[in-house]
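Reader: Hi! Could you walk me through how some of the helices pack here, and then we can look for empty space inside?

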Amino acid sequence: AVLCRKMGASMEFLLRLHLTIDRPAALPTHSILSLMNGIDPHRLSDILVEAEKIPDPHEDTGERSNPSVRFARRLLAVANPAALASAEAARDPLAALAFLCPEEGSMVEVVALDPLDDLAHGPPCVEATSPRVELLPFKGPKETTVLNHRRFCNWTDRSAEVLSVQLVRDVYRAAVAVEKGSSKAYKLLERLSEPLAELQCCSLQGKNHEVRLAFWLNCLNAATLLAALAPIRLGLAERPGDAGTWSELLQTAQLEVQGELLSLIEMEQVIRAQNEISVQDPILKEMDEDCRVGHLQLKRPVPLASFAIHRPTRSGFPPLRIYQAKHLQAQLELNAVHFLCCQMSLDSWRRKVLLPESLKWHLADFGGETQMLEMLGDILKRAPEQVDLVGGSLPENLKELSLERHDRLRVEYQEVLWQFQVPETPLETEQGET
């Protein structure tokens with residue numbers, strides 16, 4: 001579809017292309033609606049009739065139409081019923097009304113929008129007034145590689161930053177419930193479909209670098225935890241336990257953000273776009289330099305990305321933190337401090353320092369090993385000032401760690417323990433911004 005747009009293909013051709021896809025969960029919702037609304041109703045009727053003749057590859061009888069066609073009709077019935085009625089008038093004036101009712105065994109499910117149900121979510125985390133969100137009144141498939149295609153959002157006025165903050169908290173709460181075997185676990189996972197759906201419509205237009213970086217970090221960290229928590233929904237057999245299964249998970253899981261479908265690998269590429277490409281990272285080494293989402297990439301390098309991107313493993317990656325644009329640099333440095341105090345060991349007698357292997361993969365971000373040690377020494381020194389700025393607490397063993405005279409230190413790296421593990425309570429500011 002991207003290639004066809006660059007070639008100047010017509011809207012009709014693009015719509016036909018989308019309708020040949022036999023996996024409705026992979027369809028870009030807003031693109032489908034835009035294409036159908038931009039085509040003459042009579043011509044749209046012909047296209048839908050012709051597309052219905054494409055047999056469903058998952059049906060033995062071949063009598064039912066492609067599930068993408070049924071999905072497109074339901075989508076249009078909700079978003080623009082007049083257009084669907086006009087398109088169906090040539091065949092059956094009542095056909096449009098039929099699509100407002102669920103079929104038995106349909107891949108979508110009509111649900112009632114009960115305002116009292118929203119009250120159970122509790123008060124919003126930041127905004128004084130409740131955000132206004134319009135979700136389409138049906139659900140998508142339970143098993144799909146797109147994490148936020150369980151529900152579909154028509155529009156939302158919630159800011160992207162606030163939405164990403166809530167997402168990290170909600171995903172973590174669900175992860176804890178699942179690990180404890182709580183009876184509320186399933187309900188918490190289902191509720192995630194609503195804030196996740198809002199990512200389809202959120203906008204970063206006109207936002208500065210800090211807002212964009214905080215948003216992408218929160219979304220990536222939350223989505224990674226959610227995908228690893230319930231990989232069966234992605235069609236994967238078990239939770240990741242080594243570099244290979246983590247790579248498969250991050251390439252399979254996707255999010256629709258601002259109308260774009262991105263794998264979690266591509267989301268990390270958005271963050272690291274201006275950094276040096278790592279050939280040692282076992283997950284990112286296959287990253288395509290010609291990223292297809294270049295318009296979403298950050299325009300400035302993020303040297304501390306290795307201290308911000310969380311993967312829920314037993315060791316080797318920084319802790320989970322909720323990021324906000326205000327004091328973002330201080331938050332990044334404090335996360336580095338907690339990471340080092342937890343997983344760095346210093347032997348002054350042998351002049352040796354043991355660091356997580358994940359830092360070795362991205363030495364180019366710091367300019368080399370010597371420059372990295374110098375930067376980490378400065379970050380450790382500034383930690384008390386950063387805590388005064390954003391709140392929180394410092395690790396008890398901070399005073400025991402000092403990287404002075406780093407040029408005399410011998411650096412060794414500790415292997416990553418890739419087994420999945422739910423992280424500790426997310427770190428965040430305590431000054432009330434969130």
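Author: Happy to! This is a predicted model. A good place to start is α15, which makes a left-handed crossing as it passes α17.

Reader: Nice. Which residues in α15 and α17 meet there?

Author: On the α15 side they are Ala-330, Glu-333, Leu-334, Ala-336, Val-337 and Leu-340. On the α17 side they are Leu-376, Ile-379, Leu-380, Arg-382, Ala-383, Gln-386, Val-387, Leu-389 and Val-390. Sorted by class, this contact has 12 nonpolar residues, one polar and two charged.

Reader: And what angle do α15 and α17 pack at?

Author: About 120 degrees, with the axes 8 Å apart. α15 covers residues 328-343 and α17 covers residues 369-390. The two helices are therefore oblique to each other.

Reader: OK, switching pairs. How do α9 and α12 pack?

Author: Helix α9 (residues 160-180) packs against helix α12 (residues 209-229) at about 20 degrees, and their axes are 9 Å apart. The label is roughly parallel, because angles under 35 degrees count that way. The crossing of α9 past α12 is left-handed.

Reader: Which residues make that contact?

Author: From α9, they include Val-165, Leu-167, Val-168, Val-171 and Tyr-172. From α12, Phe-215, Asn-218, Cys-219 and Leu-225 are among them.

Reader: How does the contact of α9 with α12 divide into nonpolar, polar and charged?

Author: There are 17 nonpolar residues, two polar and two charged.

Reader: Great, now the empty space. How many cavities of 30 Å³ or more are there?

Author: The count comes to one. The largest cavity holds about 80 Å³ of space.

Reader: What is the largest cavity lined by?

Author: Its lining residues are Glu-268, Arg-272, Asp-281, Ser-306, Ile-309, Arg-311, Gly-316, Phe-317, Pro-318, Ser-358, Trp-361 and His-362. By class, that lining has four nonpolar, four polar and four charged residues.

Reader: Lovely, thanks!

Terms used
Residues are numbered from 1 along each chain as its sequence is written. This is a predicted model: local features need pLDDT of at least 70, side-chain atom pairs count only at pLDDT 80 or more; totals for chains, interfaces and linings use all residues. Side-chain values use heavy atoms; hydrogens and water are left out. Axes are lines fitted to C-alpha atoms, for helices over the stretch in contact, and angles run from 0 to 180 degrees between N-to-C directions. Helices (H or I, at least four residues) and strands (E, at least two) are DSSP runs, numbered from the N terminus. Angles under 35 degrees count as roughly parallel, over 145 as roughly antiparallel, 65 to 115 as roughly perpendicular and the rest as oblique. A crossing is left-handed if the near helix is turned anticlockwise from the far one by less than a right angle, and right-handed if clockwise. Contact means heavy atoms within 4.5 Å. Ala, Val, Leu, Ile, Met, Phe, Trp, Tyr, Cys and Pro count as nonpolar, Asp, Glu, Lys and Arg as charged, and the others, Gly among them, as polar. On a 1 Å grid over the protein atoms alone, a cavity is a set of points where a 1.4 Å probe fits but cannot get out, and a pocket is an open set with protein on both sides within 12 Å along at least five of seven lines; lining residues have an atom within 4 Å of a point. Grid points are joined across faces, edges and corners, and a volume is the space filled by probe spheres set on the points.
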